[in-house]
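Student: Could you take me through one part of this model closely? I would like to look at a pocket and at the residues that form its wall, and then at the surroundings of the ligand.

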Amino acid sequence: MKILFLDQSGKPGGAELCLIDIAKPYRDNCLVGLFADGSFRNLLEQNQIPVQILTNQEIQVRKESSLTQGLASLTQLIPLITKVAKIAREYDLIYANTQKALVVGALASFLSRRPLVYHLHDILSAEHFSKINRAIAVNLANRASLIIANSQASKTAFIEAGGKANLVEVAYNGFDSKLYQISEDKIKQIRQELGLEDKFIIGHFSRLSPWKGQHILIESLAKTPENATVILVGDALFGEQDYILKLHQQVANLRLENRVKFLGFRSDIPQLMSACDLIAHTSIAAEPFGRVIVEGMLCGKPVIAAKAGGATEIVEDGINGFLVTPNQPQELGEVIARCVTEIDKTEILAKNAKLGAIARFDVEVINRQIAELLRRLVNV
Ligand code: UPG
């Protein structure tokens, strides 16, 4: 089966990392078309997945865009849509992985008469998107042949926003658990490099963005023992540089310079996670899925997650992790403090979580599920 994947981003966020795993089995017969150049292209190339930058023009739609902005950007998109429609005639289907890819892919699908698949990585709620953006996304997605939602939560929000239920199937992100088995020597080396050998390291792995709630974790530190130290791994991806400044300011105001480290974007996530004592997920708006929660489990680390969206499909509180109320630094601090003192108890829980995650989120099983769904659309 020949697939034309589309993604708007030049940088690798969670949706892009997920796409790498989905595209890999098709690398001899697919093309990933990107709407921006950047390190995501390098990652695809490293995985021998064919990639082409389809435009270098910045597309001006934002999650909170108004109708006028939305329509203005649609005019801007016409040359790109024409180009994609032409390329699509060489492929069996178009697989749109992001919202702007959906806009382009839906129209290109109409022009090229190729079926459209939309991978929904977002919760289409007012918390995350403007009304007009939700309306555009739902209307275009309803024209797809198949929608793959990254969680039940994303599926439910889509239907509540007017999406057609019969089009949607849930497929969680898949992971190769072998990549998360890190040697004790490597872990020791990383803790040394970080200068945190004797600390209780709490890792937060995500782009720096207000809704990912890094500020909640920083605030919660006040409630935790002195040796608890945070590493913030990730960079601001989508024009949210102001938030980085705010986080640094918050750390300075709370005099936490010695207890919070900003590591920027890293590619050695399994190694860094394995060097942590605890992984914190602190999104203040419902998380559509939450790759970092599964990754933390695969590394055998206890995970605390914000109780909303996809996180509640992954974590069972007290069984394979901990759930806390989103946006409540006090409660988060109390649970962290318990993990610091009850290390033996949390270790057992983390071991259970690892076994469960290996079984539930195996990339090969999930890729087979997706392949079966795609086969129903294309007779090859
Ligand atoms: N990561 C890096 N380097 C960093 C920081 C993070 O590689 O420096 C990775 C991290 O390990 C994880 C990914 O980036 O694999 C981020 O994942 P996540 O926070 O889940 O993704 P989002 O970028 O928010 O993307 C969307 C949804 C999210 C869903 C994901 C895949 O918001 O809920 O899990 O798509 O469907």
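Tutor: In this predicted model, the second largest pocket has a volume of about 450 Å³. Its lining is made of 22 residues, of which Ser274, Cys276, Gly300, Lys301 and Glu347 are the closest to the centre of the pocket. Helix 7 (184–194) and helix 14 (343–360) each contribute at least two residues to this lining, and the largest share, six residues, is that of helix 14. Sorted by character, the lining of the second largest pocket holds 11 nonpolar, four polar and seven charged residues.

Turning to the ligand, 24 residues surround it, and His121, Lys212, Arg266, Glu287 and Glu295 come nearest. An N or O atom in the side chain of His121 is 2.7 Å from an oxygen atom of the ligand, while Arg266 places a backbone N or O atom 2.8 Å from a ligand nitrogen atom. For Gly290, a backbone N or O atom is found 2.9 Å from an oxygen atom of the ligand. On its own the ligand has 690 Å² of accessible area, and the protein covers 95% of this. Helix 1 (14–23) and helix 11 (291–298) are the elements that give two or more residues to the shell around the ligand. That shell consists of nine nonpolar, nine polar and six charged residues, and both domain 1 (3–174 + 362–375) and domain 2 (177–360) supply at least three residues each to the shell.

Note on methods
Residues numbered from 1 in each chain as written. Predicted model: local features only at pLDDT ≥ 70, side-chain atom pairs only at ≥ 80, totals over all residues. Heavy atoms only, no water. Near = heavy atom within 4 Å. Polar contact = N/O pair within 3.5 Å; in protein donor to acceptor, adjacent residues only side chain to side chain. Areas by Shrake-Rupley, 256 points an atom, 1.4 Å probe, with all protein chains shown as cover. Helix = DSSP H or I, 4+ residues; strand = E, 2+ residues; numbered from the N terminus. Nonpolar A, V, L, I, M, F, W, Y, C, P; charged D, E, K, R; others polar. Domains from an automatic or database assignment. 1 Å grid on protein atoms, 1.4 Å probe; cavity = no way out; pocket = protein on both sides within 12 Å on 5 of 7 lines; lining within 4 Å. Points joined across faces, edges and corners; volume = space filled by probe spheres on them.
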